[in-house]
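Grab a pencil and work through these short exercises with the structure open beside you. Each task comes with a solution that goes step by step.

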Amino acid sequence: MSQIDQFLNSLKRSLKAKNILYRDLAKALGLSESSVKRILSNKSLSLERLEEICRVADLSFSEVVKSANLEEASQVVTLTDEQEKALAENARLLHYYMMLQEGKTPQKIEREYQITSSESKKYLFQLDRLNLIELHPRDKVKFKRQGFLRFHRDGPVGKALFEQTKSSYLNYDFRTEDYIRFSLLKISPPSLAKYKTKLERILIEMQEEARFESEHNVSVVDTGLLLAFRPWQYSYMGAIKKKE
């Protein structure tokens, strides 16, 4: 995703956070709703127009840029085998690290979760020794690298999480308000590669949205998102074998 795309996505999220609809923006700008939609999808959008949109929406241009996190948003953070192994061996340490990744401070974690100050400090020192964070005075935390955390599929944490996915996430009666779709397709490998790229973009957009909402104290719910495809067919479709 280009930096322009990231900025436009950030602008759209900021408008959404203020409950400003395209038609509201169109009225304030003296334009049609379709024109506003076209403007917000146009990568050659002028700075003057951007400034005007921010003004009528009462948005800070600099805050939109900051939220976009242009240089870091497309980065994927992966861990070493040693780092993953340490996290996989201690579920509480892994949970603590993930909460830090979500933007929670050690003080907030201690206030809101069943963890003592001494245990919290122990985990901070351990994460610092693992070179996952920089620990500063008064338990201030700075991450060594910024971006979306992604565990190796075949790494210690990845394997543990995938086992939970198979045993818990998929073993569930999805309700009407949940979302699950399954389709059996005959499709070429090049087409699969194309849609894999699109799914990766969707995942990044949703991660960006989740991070934005976390930073702006939007009421959220923990949600599991699974994107997958593999060679597969229903068992009855192998009941009649092809001739050799």
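## Warm-up: the whole chain

Of the 244 residues in the protein, 26% count as buried, meaning under 20% relative accessible area, with exposed being over 50% and partly exposed in between (1.4 Å probe, protein chains only). A quick note on the ground rules: this is a predicted model, where local features need pLDDT of at least 70, side-chain atom pairs count only at pLDDT 80 or more, and totals for chains, interfaces and linings use all residues. Residues are numbered from 1 along each chain as its sequence is written, and side-chain values use heavy atoms, with hydrogens and water left out.

## Exercise 1: confidence

Task: find where confidence is lowest and where it is highest in the protein.

Solution.
- Start with the average: the mean pLDDT (the predictor's confidence in each residue, from 0 to 100) is 85, and 93% of residues reach 70 or more.
- Now go by element: helix α5 (residues 61-68) comes out lowest with a mean of 73, while helix α9 (residues 117-129) is highest at 96.

## Exercise 2: the largest core

Task: work out which helix gives the most to the largest nonpolar core.

Solution.
- Know the term: a nonpolar core is a set of buried Ala, Val, Leu, Ile, Met, Phe, Trp, Tyr and Cys residues joined through side-chain atoms within 4.5 Å.
- Size it up: the largest one has 22 residues, and L79, L87, Y96, Y97, L127 and L132 have the most contacts inside it.
- Check the helices: α6 (81-88), α7 (91-101) and α9 each bring at least two residues, and α7 gives the most, with six.
- Zoom in on L87: beyond its neighbours within four places in sequence, L87 is in contact (heavy atoms within 4.5 Å) with residues including L93, F151 and V157.

## Exercise 3: a hairpin

Task: describe how β2 and β3 are joined.

Solution.
- Pick out the strands: β2 covers residues 133-136 and β3 covers residues 140-143.
- Look at direction: they run antiparallel, with four bridges between them.
- Take one pair: H136 has K140 in β3 as its bridge partner.
- Finish at the turn: three residues separate the strands of this hairpin, and R138 there has a positive phi of about 60°.

## Exercise 4: one leucine

Task: is L226 buried, partly exposed or exposed?

Solution.
- Locate L226: this residue sits in the segment after α11 (189-215).
- Classify: L226 is partly exposed because its relative accessibility is 40%.
- List partners: not counting residues up to four places away in sequence, L226 touches T165, Y169 and L170.

Key: Two strands pair if DSSP finds at least two bridges between them.
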